[in-house]
Amino acid sequence: MNVSRSDQAAPAAAPVVAQQPEVAGAAATAEAAPSGAASSLRARLGPVGLVLAGGISVQFGGAVAVSVMPRAGALGIVTLRLAFAALVLLAVCRPKLRGHSRADWGTVVAFGVAMAGMNGLFYQSVARIPMGPAVTLEVLGPLALSVIASRRAVNLIWAGLALGGVFLLGGGGGLSGLDPVGVAYALGAGAMWATYIVFSARTGRRFPQADGLALAMVVAAVLFLPLGIVESGSKLVEPGTLALGAVVAVMSSVLPYTLELLALRRLPAHTFAILMSLEPAIASIAGFLVLSQALTVAEALAISLVIAASMGAVRTQVGRGKARTARDSA
């Protein structure tokens, strides 16, 4: 899973830049400059590394989940992932249950429903089509949200690039080269991802720290538990399956959420969004290395086009926001 995903932190601050102290003498200043530049570079690259590490963890966790599906089924592995993640987040965050309004609880429940839908639909998709194309189609949800929110004509270019990528995914024949049910699940996951982003932001404004995320994860786990039991039954409690489910939960939820929350404290939100756009490429690598899912040249180009469209849409929205800020301050 995917791009997204954790956005529970407060608005991201600008990257931390090391301040070089004043030094007496030109020679001392010259010697200190490389050290200050190196510290500044590390401060900028550190959060980027955290986001990339989170993306790698998510996608390789997804690849591990696909390999476990013959044992527990798609619904079963989603159940284990959400249940283990909920337990860990509850233990770490210890969210307060009192003092919240009905609107607060409605928001966190909607967030949990979106999270459950996003995970469930995505795992149904990767059970039928390769991970690279599945994540690429899923990314179309946040991309559409960004294009609609920006409302600028230039976004027609990014929409066109994305549609070109979708066309190539099917070998130049639309999506006919992929399992249509898997495609439908991936597109549904993308729609739920866009919904997830909206309610993630609303939950973050209503609940402190990651409390809302922990509570939403519990909602998602409770919703999926009956589905997992119906599909997998006693297989869910087999020691080997439980262990692999815990691994998937840590790799796909706990670890990336933690890394992203740490990164967002020092990384601008638009930079974070651009880095998240790389996840289809990471998913393709994970699918190849773990599941031996090779891409054709057309599929690789398709994924590149969708990544470019996502990055362009983010940059357009950032430019619009800066222009509005400049007008307001004038």
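What follows is a talk about aromatic rings and nonpolar cores in a predicted model.

Mentor: The model is predicted, so local features need pLDDT of at least 70, side-chain atom pairs count only at pLDDT 80 or more, and totals for chains, interfaces and linings use all residues. Residues are numbered from 1 along each chain as its sequence is written, and side-chain values use heavy atoms, with hydrogens and water left out.

Trainee: Why is the pair of Trp105 and Phe207 called edge-to-face?

Mentor: Rings of Phe, Tyr and Trp (its six-membered ring) pair if their centres lie within 6.5 Å; planes under 30 degrees apart count as stacked, over 60 as edge-to-face and the rest as tilted. Here the centres are 6.2 Å apart and the planes stand at 70°, so the pair is edge-to-face.

Trainee: What makes Phe207 buried and Trp105 partly exposed?

Mentor: Buried means under 20% relative accessible area, exposed over 50%, and partly exposed in between (1.4 Å probe, protein chains only). Phe207 has 3%, so Phe207 is buried. Trp105 has 29%, so Trp105 is partly exposed.

Trainee: How do you know that Phe122 and Tyr123 are an edge-to-face pair?

Mentor: Their centres are 5.9 Å apart, with 80° between the planes. Phe122 is buried at 1% relative accessibility, and Tyr123 is buried with a relative accessible area of 1%.

Trainee: What makes Arg202 count as lying over the face of Phe199?

Mentor: A charge sits over a ring if NZ of Lys or CZ of Arg is within 6 Å of the ring centre and within 35 degrees of the ring normal. Arg202 lies over the face of Phe199, 5.1 Å from the ring centre.
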